Each structure stands twice: as C-alpha cells, then as structure tokens.
Amino acid sequence: MTVPDSSTSGPAAGPLGPAGSGSPVRLDGPWTHRDVAANGARFHIAELGEGPLVLLLHGFPQFWWTWRHQMTALADAGFRAVAMDLRGVGGSDRTPRGYDPANLALDVTGVIRSLGEPDAALVGHDLGGYLAWTAAVMRPKLVRRLVVSSMPHPRRWRSAMLSDFSQSRASSYVWGFQRPWLPERGLVADDAALVGRLIREWAGPGTADFPDDEVLDVYRRAMSIPSTAHCSIEPYRWMVRSMARPDGAQFNRRMKRPVRVPTLHLHGSLDPAIRTRSSAGSGEYVEAPYRWRLFDGLGHFPHEEDPAGFSSELINWLKDPEPDR
C-alpha cells in the first residue's frame with residue numbers, strides 16, 4: 001500500500017501552496033514528466049534529450065529538481081538525461097518499508113530497465129551517491145559509469161561515522177534522525193523552514209547565487225508533501241540502526257566487492273556535512289579508472305553552487321573514451 005502523492009492529484013495542498021504547473025514536484029521546464037514502474041513501486045522521472053542514458057539521483061533534503069542545470073547541459077551534449085525521485089520523495093511512491101540501501105539501489109537499477117536501456121551512467125549526490133555506489137556493486141552490468149558527489153563509499157562513510165569524531169559531529173543531523181517522530185515534525189514545522197536552514201548551512205560560504213529564497217521555497221514545498229519527511233529520514237535510520245544488526249553487517253560485507261566501472265568522485269572543499277577526508281580514499285574500493293576532483297571553495301551542493309563548472313567536469317569525463325587515474 002502506498003501513501004497518495006499530492007503531486008499527482010491536482011494542485012498541491014500544503015502550507016506553501018502550489019508551484020510551477022500546480023504541483024510542487026512536476027515543475028515546468030524543457031523536460032517531460034512521467035511515471036515508471038520498478039521494483040514493486042512507481043517512480044516519478046523528469047527526462048530531457050536523446051543519447052546514452054545518464055540517470056541522476058538526488059540527495060537529502062532535495063528531489064529530482066536539484067539536477068535541473070545538469071539536465072539541460074547533458075541534453076545539449078548529446079545525452080538522455082533522466083532525474084528520478086527516490087522512493088518516498090517527490091512524485092514517487094511513499095511505501096511503508098523498503099528504505100534500506102540494497103532495496104533503494106534495486107529501485108535505481110529497476111528504473112534503468114524500465115527505461116528500456118541496457119545500462120546507464122549513474123550520477124548521485126549525497127544519499128543518491130550512497131545508492132549509486134551500492135548499485136554499481138550490486139548490479140555492475142547495468143552501470144556503465146559511476147559519478148558520485150559529496151558522499152564517500154558506504155564503507156568509508158560507516159568507518160568515519162564510528163571512528164572520526166569530526167565527521168560524527170558534522171553528521172549530527174543523522175544521529176538526530178534516530179529519534180521517533182520528532183525529526184519528521186521538525187522538518188515540516190513552519191512551512192519546512194528547517195529544510196531551508198540546512199541547505200543554507202551546508203552550501204559553501206562564497207556562493208553568491210545559491211541558495212536564494214525562491215530555490216529554497218521549492219525544496220520546502222516538496223518536503224511539505226504528506227509523508228515525505230518520514231520517508232526521507234528512513235534511509236538514515238537504517239544506516240545507523242543496522243550497524244549493530246545482522247543485516248547491516250551483511251551489507252557492509254557485500255560492499256567489500258570492488259567497483260569495476262570507471263568512477264568520477266566529486267567533492268566541495270568546504271563541505272560542512274561530509275568532510276573531505278571522509279570521502280578521500282574511496283578509490284581503494286574501485287578496481288577501475290578512478291578520478292578524484294575537489295571543487296575549491298564549494299560546499300555540499302557543488303552541482304548547484306557552480307552548475308557550469310560541475311556540468312563541464314561531468315560531461316568532459318563522460319565523453320572521455322579512456323578516463324584514467
């Protein structure tokens with residue numbers, strides 16, 4: 001059973017009112033919107049362009065629209081750009097369970113198959129990056145190339161959270177998510193004002209154009225869709241609570257398998273949520289060409305803080321026939 005999504009049933013209800021075409025999720029632009037079925041659920045996607053598939057995975061506390069700049073750049077460069085809403089977010093189904101990373105990664109690879117493509121270049125930011133790492137290990141034949149921004153390999157993330165006090169403190173919001181009900185209420189209180197504060201705090205201090213109030217309002221509206229806050233938090237609850245459970249140990253062992261596709265790893269040098277030293281070194285889990293790129297002066301959202309620079313780095317690497325170390 002799924003929770004109805006207000007973005008598919010007329011004008012959006014909620015404290016911030018409608019946006020764009022009447023939905024807080026299906027925002028107007030050069031892209032088209034539709035739903036696809038995968039892994040027992042329905043997923044909203046926005047797509048633009050023709051060519052090799054590039055599947056874009058958003059992080060917290062955002063949804064597909066975070067990739068709006070890269071979608072147009074990728075389409076202009078000859079790619080089929082598809083940005084999906086993860087399970088429980090945006091216009092996708094809000095299911096009562098299924099928020100562990102292995103199942104969420106199967107959502108991603110299932111969408112690739114539903115799009116009729118043999119494989120995709122996966123581009124993931126934050127939680128989307130965590131799932132991109134996971135999908136590349138679990139279904140390597142479906143992942144042509146891997147691009148991860150602002151997220152270490154899952155085994156590096158786990159190690160940093162447990163042994164690096166600075167990273168654990170930077171990720172205090174993840175520990176706070178372990179409480180029942182209160183985090184959800186906090187996320188949607190005062191028209192989801194906390195979403196705006198988190199994005200402002202995590203962005204680089206020298207970014208002039210991001211985020212502005214209009215952009216933050218879009219993300220606040222999307223979080224205000226009923227059940228979104230709860231579903232957004234569930235993956236982080238699993239990631240922490242599973243550390244002491246057999247399913248978490250099994251996942252951690254599974255992620256020992258090396259990534260065997262070319263990988264581009266991007267990070268903002270001033271990211272306050274995921275420290276640079278937590279992400280650096282993830283290449284030890286990649287048995288393929290691996291490129292590390294640090295964006296000087298940017299924070300947790302390099303694809304929105306410097307969309308032109310990020311898109312250029314991404315497209316040049318995707319078009320490189322022999323990306324080297």
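**Salt bridges and the sheet in a predicted model**

A network of salt bridges links Arg-26, Asp-35, Arg-42 and Asp-93. The model in which this network appears is a predicted one. Two members of the network can be placed on strands: Asp-35 falls within β1, which spans residues 32–38, and Arg-42 falls within β2, which spans 41–48.

Those two strands begin an open sheet of eight, ordered β1-β2-β4-β3-β5-β6-β7-β8 and mixed in its pairing. The edges are held by β1 and β8, each of which has a single partner strand, so one side of each lacks a neighbour in the sheet. From one strand to the next, the twist averages 25 degrees. Within the sheet, strands β3 (residues 53–57) and β5 (residues 120–125) run parallel and are joined by four bridges. Val-54 has Ala-121 as its bridge partner in β5.

Helices pack against these strands. Helix α1, residues 68–76, lies across β2, β3 and β4, and runs at about 60 degrees to β2. Helix α2 also packs on the sheet, where it touches β1, β2, β3, β4 and β5. The direction of α2 makes about 110 degrees with that of β1.

Helix α2 also takes part in a salt bridge. Side chains of opposite charge can pair when their charged atoms come close. Here the side chains of Asp-107 and Arg-87 meet, with 2.8 Å from N to O. Asp-107 belongs to helix α2 (residues 101–114), whereas Arg-87 sits in the loop between β4 (80–84) and α2; the pair, 20 residues apart, links distant parts of the chain. Is this pair buried or exposed? Asp-107 has a relative accessible area of 2% and Arg-87 one of 7%; because buried means under 20%, both residues are buried.

The structure holds 19 salt bridges, and two further examples involve the loop between α11 and β8. In one, Glu-284 pairs with Arg-156, their closest N and O atoms being 3.8 Å apart. Glu-284 lies in the loop between α11 (276–279) and β8 (290–295), and Arg-156 in helix α4 (residues 154–163), so the bridge ties together parts 128 residues apart in sequence. Glu-284 counts as exposed, at 55% relative accessibility, while Arg-156, at 23%, counts as partly exposed.

In the other, the side chains of Arg-260 and Glu-287 meet at 3.5 Å, N to O. Arg-260 is in the loop between α10 (246–254) and β7 (263–268), and Glu-287 is in the loop between α11 and β8, so this pair ties together parts 27 residues apart in sequence. Arg-260 counts as exposed, with 56% relative accessibility.

Conventions:
Residues numbered from 1 in each chain as written. Predicted model: local features only at pLDDT ≥ 70, side-chain atom pairs only at ≥ 80, totals over all residues. Heavy atoms only, no water. Salt bridge = Lys/Arg side-chain N within 4 Å of Asp/Glu carboxyl O. Buried < 20%, exposed > 50% of the residue type's maximum accessible area, 1.4 Å probe, protein only. Pairing = 2+ DSSP bridges. Axes fitted to C-alpha atoms, helices over the stretch in contact; angles between N-to-C directions. Contact = heavy atoms within 4.5 Å.
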